[in-house]
Amino acid sequence: GLLPTTEMKVGLMGESSKDRPDRPVFKEAGSAVPFLCLLYFSIGFDAYITAQVEMNRTESRMGNFLEYATQISTGLLGSSKKHINLTGIRVHACSEDDGKHVQYFPPPHRPGKGSDYQTLGFLNVNSFAGGNLRAQESALFDDGQLDLFRQKDFIGNAMRRGMQYKTLKQKEAVFKIPSSLLGVHCQYDGEARFAFQPQGEDFELDVKRVMQIPVAIGPDTSEPIFGSCLGWREYIDRDAGKGDAAFIPATDLDECKALCIKHNFGGFCVYDGRAHFRADPGVDLSAKLLNKKGGILYVRDESESGVHFRFTGSPTDVETFRKRLQDWVTGNLVAELNADAAEVSSLQERSDKYFKVCKDICPCTSCGAAADSRTCKNCYQPFCKRCLDRHTIRSAVVQWMYADAGLVTSLARQSWSGKSCIDGVIATLEALDTDRPIRVWIKGKAKSNRDEVMPSKSEAVAYLKDVREQMTGSTDSIGGTSSVGTSTFNPNAHIETSFEMDEVELAADDDVAIDAPEEPVFTDGTP
């Protein structure tokens, strides 16, 4: 079940204009609302592609595959890439019944706030993207677990793992969306929506098991199929064990089960009218399945309950879900979750400002002069040339990582944060809830590079502030404090003026070496 704990609205993507394909257009959604999720759920790249394909779906299966190929390439490389932003999103998951949640996203062992990730979600079946993607460890629809996944690089993952996701099984999860984002593209069981908070505040989405539903399985699957009844697991077209401990005619299934329990057998396989008993324990039989066309393997498992419809969770959870299920059936949930015309219009206005689709020039955040179509790539604030140079410190690009990550990890590029201005790194470090050693890499002009290891987060922040003071002659940040993708510029805040501008790179030289720092020859100077 997808259960918002704060106010959340959803809308649909509309057709973008040909002259501004990078401008998202929103419209009111239909009657299907995000509530029950039987198959899979994701936010980010997958959801955005699903939304684009839905707008251009054809009657031809081949035509739809071609549309997927077009949208995937555009999403990875084209102008719409900027719509995929997971910066600041947090996911906390729980694997036990004690209710203790641990951070799953962004990965706590890596720096950054998730800006370099493309997609995030979970599986409930071992099939995703039309069966083209699967979990490395099979996702089972009846194990009561969410198979969480996070995807950093679609192409890189395909090269390392093929068409598989690395997953983590958890009992429940909480997706936390920050106010610094306009909202998120999400999809549930193939239905694409754009989720947002009408007042531009943070919102959360709880995901937990809410029901057990009996399902019928077709005969053409290559996965081991099993059902369950009280105390037994049943595997279709499977056998296990090294040989018969005994066999009898399989005329009475209850008699076969009683005999299996009486002699403490682990299970039995019914094949060609006979029940072949296996002496191995039930857990061993389930772990060593063999193909046996036409056979049904019955394995003893005292933990199995009968296959029937039931609600799951605590009495309070069940009562909350039953009320929400009734609202869903009666249509009241549509009015609660779907954005109305006024909310969609407000979202569109904030989106236009967030993506800088406006008519006039916005004043510089720092000095108030005309921004001349310049904005910081890191925090999206508009600046004039002089103030942009000071804000981003064009003579330096900064990256950081945890210094105690180990030698092999430190040589891996994905262990480092993205490139940022000094203000961005300072704000990111100050927001960390750990005080681990920090390694800071600063690339300046004329080979004026610095590579420093600080014993704690607080010392790293103090060091960066000293560097900023040397370079700008000021102890304050330029144009307000910003972080990687999360800044004082809030896309949901009201902005009086409108503007149209292009992004400006943080530095002319975008190639930052991170493996072999040179001896620092740093020179002071104010842009």
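## Exercises on a predicted model

The protein has a mean pLDDT of 75, and 68% of its residues reach 70 or more. pLDDT is the predictor's confidence in each residue, from 0 to 100. Over residues 478-527 the pLDDT is below 50. Where pLDDT is low, the predicted coordinates should not be read in detail.

This is a predicted model: local features need pLDDT of at least 70, side-chain atom pairs count only at pLDDT 80 or more, and totals for chains, interfaces and linings use all residues. Residues are numbered from 1 along each chain as its sequence is written, and side-chain values use heavy atoms, without hydrogens and water.

**Exercise 1.** Place Val33 and decide: buried or exposed?

*Solution.*
- Locate Val33: the loop between β3 (25-27) and β4 (40-44) holds this residue. Strands are DSSP runs (E, at least two residues), and helices are too (H or I, at least four), numbered from the N terminus.
- Check the area: Val33 has a relative accessible area of 5%, so Val33 is buried. Buried means under 20%, exposed over 50%, partly exposed in between (1.4 Å probe, protein chains only).
- List the contacts (heavy atoms within 4.5 Å). Leaving out residues up to four places away in sequence, Val33 touches Tyr188, Trp328, Leu333, Val334, Leu337 and Asn338.

**Exercise 2.** Find how many residues of helix α1 are buried.

*Solution.*
- Take residues 45-55 as α1.
- Count: 9 of the 11 are buried. Among them are Phe45, Tyr48 and Val53.

**Exercise 3.** Give the strand order of the open sheet.

*Solution.*
- Read across its 5 strands: β1-β15-β12-β5-β6, with antiparallel pairing. Two strands pair if DSSP finds at least two bridges between them.
- Mark the edges: β1 (2-4) and β6 (102-105) each pair on one side only.
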